[in-house]
Amino acid sequence: METLGERVKAEREAKPWSQQRLADEVTKAGFEIGQSAIGNIESGRVKEPKSIVQLAAALGVSPRWLQTGKGDKAASAPSRSASGLAEVAAPPPIARHPERG
């Protein structure tokens with residue numbers, strides 16, 4: 001699969017979903033899109049859709065793989081702690097400048 005459109009179509013057909021079903025799933029994932037937009041992506045008329053993250057989420061693949069065909073195809077899920085909450089890395093400490101006297 002060379003293009004984004006080919007990857008979208010192959011993943012959609014593997015489900016097997018219609019273009020309308022994929023559009024509904026992308027909309028549920030947070031980006032409102034219609035069947036004709038899915039058709040435009042699959043045909044190659046749209047090469048860089050704004051909905052790439054939601055499209056990948058709906059298809060269960062990584063956005064990077066969907067866009068480029070490179071990297072891990074599987075969507076990565078955040079790791080979970082024993083409590084079931086997603087573990088998020090703490091931000092780096094803020095550099096403080098010494099007080100001027």
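In the predicted model, Glu25 forms a salt bridge with Arg21, and the closest nitrogen and oxygen atoms of the two residues are 3.0 Å apart. Because Glu25 and Arg21 stand four residues apart in helix 2, about one helical turn separates them. Glu25 is buried, its relative accessible area being 17%, whereas Arg21, with a relative accessible area of 38%, is partly exposed. The side chain of Glu25 also meets that of Lys28 in a salt bridge, with an N to O distance of 3.4 Å. Here the spacing is three residues within helix 2, so that Glu25 and Lys28 are again separated by about one helical turn. Lys28 is exposed, with a relative accessible area of 66%.

In total, the structure holds five salt bridges. One of these joins the side chains of Glu42 and Arg12, at 2.6 Å from N to O. Since Glu42 belongs to helix 3 and Arg12 to helix 1, this pair ties together parts that lie 30 residues apart in sequence. Both partners are buried: the relative accessible area of Glu42 is 12%, and that of Arg12 is 8%. Side chains of opposite charge can pair when their charged atoms come close.

Helix 2 (residues 19-28) and helix 3 (residues 35-43) pack against each other, their axes coming within 8 Å and crossing at roughly 105 degrees. Helix 2 is therefore roughly perpendicular to helix 3, as angles of 65 to 115 degrees are counted in this way. On the side of helix 2, the contact is made by Gln19, Gln20, Leu22 and Ala23, and on the side of helix 3 by Gln35, Ile38, Gly39 and Glu42. The residues of this contact divide into three nonpolar, four polar and one charged. Glu42 thus appears both in the contact between helix 2 and helix 3 and in the salt bridge with Arg12.

Gln19, which is found in helix 2, can be considered in more detail. When its neighbours within four places in sequence are left aside, Gln19 is in contact with Arg12, Gln35, Ile38, Gly39 and Glu42. The contacts of Gln19 accordingly include both Arg12 and Glu42, the two residues whose side chains meet in the salt bridge between helix 1 and helix 3. With respect to Gly39, the C-alpha atoms of the two residues are separated by 6.9 Å, although Gln19 and Gly39 are 20 residues apart along the chain.

Helix 1 (residues 4-14) contains the buried residues Leu4, Gly5, Arg7, Val8, Glu11 and Arg12. Seen down the axis of helix 1, these buried residues fall within an arc of 165 degrees, and they therefore line one face of the helix. The elements that cover the buried residues of helix 1 include helix 2, helix 3, helix 4 (52-59) and helix 5 (63-68). Arg12 is accordingly one of the buried residues of helix 1, while its side chain meets that of Glu42 in a salt bridge.

Terms used
Residues numbered from 1 in each chain as written. Predicted model: local features only at pLDDT ≥ 70, side-chain atom pairs only at ≥ 80, totals over all residues. Heavy atoms only, no water. Axes fitted to C-alpha atoms, helices over the stretch in contact; angles between N-to-C directions. Parallel < 35°, antiparallel > 145°, perpendicular 65-115°, else oblique. Contact = heavy atoms within 4.5 Å. Nonpolar A, V, L, I, M, F, W, Y, C, P; charged D, E, K, R; others polar. Buried < 20%, exposed > 50% of the residue type's maximum accessible area, 1.4 Å probe, protein only. Arc of directions from axis to C-beta. Salt bridge = Lys/Arg side-chain N within 4 Å of Asp/Glu carboxyl O.
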